[in-house]
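Q: Please take a close look at one part of this model with me, and then walk outward from there. I am in my first year, so plain words are welcome.

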Amino acid sequence: MPARIPSWAWVSGLTASAVVAVAVLAVQADQGPHPAATAAHAKPSARASAHPSAAPRRTAPPALPSASGTGRRIVYALGSKRVWLVDESGTPTRTFPVWPGTVGPDPGPYKVSLRRESTTGSDGVQIEHIVYFAAKSGLSVAFSNAVDGASPAPAAPGRQTAGIRMGKEDGAALWTFGSVATKVVVVK
């Protein structure tokens, strides 16, 4: 019959094995490349910030255009394809990108003239939260979002479109904010 090994011997053996394994790993790690001490304080390079695993930097939303009026209003910037919802004090409460159609409104002040819960856009897409505020080239200009959440600009081959599309959540926010007679200011 083989000799029985006391349990304290097993524990001692396992502990000794663990210590040896840690020592071997420490030696292997010590033999690898070492960064220079100054590298810890170096400024990040453009290449380092473009690394796919780098955390994205949060940027401040674009500032409200200065020539966009006062008071509670919807501001639409043609050039930056962006909308701001502005409260009574003149503070933007939300801003988001939009995708305009082929016909846009001229810069200037407008008012929300009509709201429609849902319909089919001139491009054949089911849309909701339609907020009309202008007319140009015989078309009604309105903000809306696609029911399915798609965000591309309204496109009907060979046809002019005047819809200004936005994401689904942004469309719901504009719908809540933009009641009839709400001021809309369009800037360049």
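A: Two strands pair if DSSP finds at least two bridges between them. Helices (H or I, at least four residues) and strands (E, at least two) are DSSP runs, numbered from the N terminus. The model is predicted, so local features need pLDDT of at least 70 and side-chain atom pairs count only at pLDDT 80 or more, while totals for chains, interfaces and linings use all residues. Residues are numbered from 1 along each chain as its sequence is written, and side-chain values use heavy atoms, with hydrogens and water left out.

Let's make strand β10 our part. Strand β10 covers residues 183-187, and four of those five residues are buried, so the strand is mostly covered (buried means under 20% relative accessible area, exposed over 50%, and partly exposed in between, with a 1.4 Å probe and protein chains only).

Who are its partners? Strand β1, residues 73-77, runs parallel to β10, and four bridges join the two. You can follow that pairing residue by residue: Val75 has Val185 of β10 as its bridge partner, and Ala77 has Val187 of β10. Strand β5, residues 108-111, is also joined to β10 by four bridges, but β5 and β10 run antiparallel. There, Lys111 has Lys183 of β10 as its bridge partner. In general, strands of a sheet pair through backbone hydrogen bonds, either parallel or antiparallel.

Now step back to the whole sheet around β10. It is an open sheet of five strands in the order β3-β2-β1-β10-β5, and its pairing is mixed. Its edges are β3 (92-97) and β5, each of which pairs on one side only. If you ignore direction, neighbouring strands of this sheet are turned by 20 degrees against each other on average (axes are lines fitted to C-alpha atoms, for helices over the stretch in contact, and angles run from 0 to 180 degrees between N-to-C directions).

What comes just before β10? Ala181 lies in the loop between α3 and β10. This alanine has a positive phi of about 85 degrees although it is not a glycine. That catches the eye because most residues other than glycine have a negative phi. Ala181 is partly exposed because its relative accessible area is 45%.

Go back through that loop and you meet helix α3, residues 168-177. Helix α3 lies across β6, β7, β8 and β9, and it runs at about 55 degrees to β7. To see one residue of the helix up close, pick Ala172, which is found in α3. With a relative accessible area of 29%, Ala172 is therefore partly exposed. Leaving out residues up to four places away in sequence, Ala172 touches His129 and Asn145 (contact means heavy atoms within 4.5 Å). Ala172 and Asn145 are 27 residues apart in sequence, and their C-alpha atoms are 8.3 Å apart in space.

The strands under discussion here belong to another sheet. Five strands form this open sheet in the order β4-β9-β8-β7-β6, with mixed pairing. The edge strands are β4 (99-100) and β6, and each pairs on one side only. Strands β6 and β7 pair in the antiparallel sense over six bridges, and one pair to look for is Thr120 with its bridge partner Gln126 in β7.

There is another backbone detail to find in this region. Ser137 sits in the loop between β7 and β8, and its phi is near 55 degrees, a positive value in a residue other than glycine. Ser137 has a relative accessible area of 54%, so it counts as exposed.

Finally, place all this in the full chain. The chain has three helices and 10 strands, and along the sequence the pattern reads α-α-β-β-β-β-β-β-β-β-β-α-β. The strand at the end of that pattern is where our tour began. Of the chain's 188 residues, 30% count as buried. Among contacts with a separation of 6 or more, 49% join residues 24 or more positions apart.
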